[in-house]
Amino acid sequence: MKKLLMICGLLFSVITFAQAQDGGGRQKMTPEQRAQRSAEGLAKKLSLNDDQKTKATAIFMDQANAMEKARAAGNTDKEARRAEMMKLADDTDAKIGAILTADQKKTYETWKAERKERMKGNRMGQGPKVGGEQ
């Protein structure tokens with residue numbers, strides 16, 4: 001019986017240690033990976049052409065690098081860091097809007113509003129919606 005308990009305890013320790021090592025299952029993406037993922041998601045959502053996708057990737061790359069620098073600066077004032085991140089997001093949004101056609105802008109604005117509502121719902125403890133849609 002003691003051996004069984006020791007084996008269970010050892011297994012539990014190994015599993016806990018393994019999860020701690022990989023960051024809880026979530027890997028940190030590089031700025032390049034984040035920019036690429038954002039551009040591809042936008043390209044799918046808005047049917048961007050190749051030129052628009054290239055420009056969007058560059059815009060998202062600038063944003064990702066700026067956010068990485070802001071995080072590295074280690075600003076402990078949460079509100080100041082949040083304000084800086086919001087400014088970066090607004091700047092990126094304006095740049096993205098500049099490369100879109102009129103129809104794409106309408107779709108983009110609708111998508112942003114939906115995303116904002118989902119984020120607001122998640123903060124209020126509602127979690128993701130049923131059916132896999134977040």
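**Helix 2 and the nonpolar core**

Hi everyone, let me start on the outside of helix 2: R37 and K44 are exposed there, on the other side from the buried residues. Before going on, please keep in mind that this is a predicted model.

So what lies on the buried side? In helix 2, the buried residues are P31, R34, A35, A39, L42, A43 and L46. They sit on the same side of helix 2 because they cover an arc of only 165° around the axis. As a reminder, an α-helix has 3.6 residues a turn, so residues three or four places apart point the same way. Helix 2 itself has 16 residues and spans 22 Å from first C-alpha to last, close to the 22 Å expected at 1.5 Å a residue. Just after helix 2 comes S47, with a positive phi of about 55°.

Now to the core. The largest nonpolar core holds 14 residues, and L42, L48, A56, F60, I96 and L100 have the most contacts inside it. Two or more residues come from each of helix 2 (31-46), helix 3 (50-73) and helix 4 (78-99). Which helix gives the most to this core? Helix 2 does, with five residues.

A56 is a nice one to click on. Beyond its neighbours within four places in sequence, A56 is in contact with A39, L42, L48, I96 and I99.

Finally, the whole protein. It has five helices and zero strands. Of its 134 residues, 22% are buried. Among contacts with a separation of 6 or more, 55% join residues 24 or more positions apart. The accessible surface is about 10,500 Å², and carbon and sulfur atoms account for 57% of that. Thanks, everyone!

Methods. Residues numbered from 1 in each chain as written. Predicted model: local features only at pLDDT ≥ 70, side-chain atom pairs only at ≥ 80, totals over all residues. Heavy atoms only, no water. Core = buried A, V, L, I, M, F, W, Y, C linked by side-chain atoms within 4.5 Å. Buried < 20%, exposed > 50% of the residue type's maximum accessible area, 1.4 Å probe, protein only. Helix = DSSP H or I, 4+ residues; strand = E, 2+ residues; numbered from the N terminus. Contact = heavy atoms within 4.5 Å. Expected span 1.5 Å × (residues − 1). Arc of directions from axis to C-beta. Areas by Shrake-Rupley, 256 points an atom, 1.4 Å probe, with all protein chains shown as cover.
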